[in-house]
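Let's take a walk through a protein model together, one region at a time. Keep the viewer open beside you and turn the structure as we go.

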Amino acid sequence: MIKSFDMQDIARRAACPPGQHHRFREKLDEHGFVVLEPGADGGVAPDLDLDAVMSQLGEPVSYGFGTKLDLQPHQGSENLQFSTHAMPLHTDGLFNAGPAVRYIGMRCVAAPRAGGQTLIASNAAFFAHAPADLLDVLRGVTIEYRNRIPGYYRDRPEGGHPQVAPVQDDPVTGRTRLVIGLTDPDDPMRTHDATVVGLGAKESTALLGRIKAVLHQPHVLYAHTWQPGQVIVQDNRQVVHGRAAFPGQPRKLVRLSVA
Ligand SMILES: [Fe+2]
């Protein structure tokens, strides 16, 4: 089969309506994510159970808060996760100690009327659509990340500030992988800072901006509008993710990641 590098096409194929739930693993590994629609599937319970879905894929990953997380706005929180702000595109696991996140599962409990989409960008589509000169530069750099939300992650024993190559050959999938943690330097609630090692502030910001511009192209990015009961599972090695802002509205997702 010829692999698609158009994210809108990939997203259509990643849809998993009732009746196809038994095929979700196959779709997930092929497309990098899957959207499970609630509904009876050949006698299986109509409500999708996040624990049951994720237990088929691996062992839960522990963070500073435990394993399962209610993602919803918290009054007064200084952590971007618990705000209504946009979350820039990123790979999970840049800061957390322990086994690397492979699959991220999210179940929608409450959806905002507008905004709040989960944004998913395909690594394969990124590499297919990024300009050659950008990819050349990215293969030769590392990016340093500085965490700004103590207590959220399980700190790595070595501490410090991880320096991560943005382009990696992934031994698990056999594919080239984008490993990135974009951030909005103007958001006082940002979870972290990112700088390209060896570049001045202006050049570093410009390079990260070029990565963002490619990731946000329609051929690369899918914006999922949630409906309560839906479950999305993402392969953290094949896609990066973020969210759109949803000012003044409720939104609740339950998240469980496995290694
Ligand atoms: Fe994340």
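The tour below goes from the metal site to the sheets, then to a helix, a few buried residues and the cysteines. Please keep in mind throughout that this is a predicted model.

A good place to begin is the iron ion. Three residues coordinate the iron ion, namely His90 through NE2, Asp92 through OD and His241 through NE2, at 2.1 to 2.2 Å. If you would like to find these donors in the sequence, look for the spacing H-x1-D-x148-H. Are the donors His90 and Asp92 buried or exposed? His90 counts as buried because its relative accessibility is 13%, and Asp92 counts as buried because its relative accessibility is 9%; the cut-off for buried is under 20%.

His90 also brings us to strand S4, which covers residues 87–90. Strand S4 belongs to an open sheet of four strands, in the order S4-S14-S6-S12, where the pairing is antiparallel. S4 and S12 are the edge strands with a single partner each, so one side of each has no neighbour in the sheet. On average, neighbouring strands here are turned by 15° against each other, direction ignored. For a closer look at one of the pairings, go to S6 and S12, which are joined in the antiparallel sense by four bridges. Within this part of the sheet, Leu119 stands opposite Ala223 in S12. Helix H1 packs on the sheet here and touches S6 and S12, with its direction at about 45° to that of S12.

Let's stay with H1 for a moment. This helix spans residues 7–14, and its buried residues are Met7, Asp9, Ile10, Ala11 and Ala14. What covers these buried residues of H1? The cover includes strands S1 (15–16), S2 (33–36), S6 (118–122) and S12 (221–224), along with helix H2 (24–31). The N-terminal end of H1 is capped by Asp6, where a side-chain oxygen lies 2.9 Å from the backbone nitrogen of Gln8.

Helix H2 holds a residue worth selecting, His31. His31 counts as buried because its relative accessible area is 10%. Leaving aside residues up to four places away in sequence, His31 touches Ile10, Arg13, Ala14 and Gln238. Two of these contacts, Ile10 and Ala14, are among the buried residues of H1.

Now move over to strand S3, residues 68–71. How are the residues of this strand divided between its two faces? Leu69 and Leu71 make up the covered face, while Lys68 and Asp70 make up the uncovered one. This pattern is easy to follow if we recall that side chains in a regular strand alternate between the two faces of the sheet. S3 runs antiparallel to strand S15 (residues 252–258), and four bridges join the two. In this pairing, Asp70 stands opposite Val254 in S15.

The loop between S3 and S4 contains Gln81. Gln81 is buried, since its relative accessible area is 11%. Not counting residues up to four places away in sequence, its contacts are Leu71, Met87, Tyr152, Arg243 and Arg255. One of these, Leu71, is on the covered face of S3.

Another sheet is waiting further along the chain. It is an open sheet of three strands in the order S8-S7-S11, with antiparallel pairing. Its edge strands are S8 (163–164) and S11 (192–196), each of which pairs on one side only. Strand S7, residues 143–147, runs antiparallel to S11, and five bridges join them. Here Ile143 stands opposite Val196 in S11. Helix H6 (residues 201–215) packs on this sheet, touching S7 and S11, and the direction of H6 makes about 100° with that of S11.

We finish with the cysteines. How many disulfides does the structure hold? There are zero. Cys16 cannot form such a bond here because its closest cysteine sulfur, in Cys108, is 17 Å away, which is too far; the cut-off for a disulfide is 2.5 Å between sulfur atoms. Cys16 is buried, with a relative accessible area of 0%. Cys108 is likewise in no disulfide, and Cys108 counts as buried at 1% relative accessibility.

Technical notes
Residues are numbered from 1 along each chain as its sequence is written. This is a predicted model: local features need pLDDT of at least 70, side-chain atom pairs count only at pLDDT 80 or more; totals for chains, interfaces and linings use all residues. Side-chain values use heavy atoms; hydrogens and water are left out. Two strands pair if DSSP finds at least two bridges between them. Contact means heavy atoms within 4.5 Å. Axes are lines fitted to C-alpha atoms, for helices over the stretch in contact, and angles run from 0 to 180 degrees between N-to-C directions. Buried means under 20% relative accessible area, exposed over 50%, partly exposed in between (1.4 Å probe, protein chains only). A polar contact is a pair of N or O atoms within 3.5 Å; within protein, one must be able to donate a hydrogen and the other to accept it, and residues adjacent in sequence count only if both atoms are side-chain atoms. Donors are N, O and S atoms within 2.8 Å of the metal (3.2 Å for Na, K and Ca); water is not among the atoms, so sites may look incomplete.
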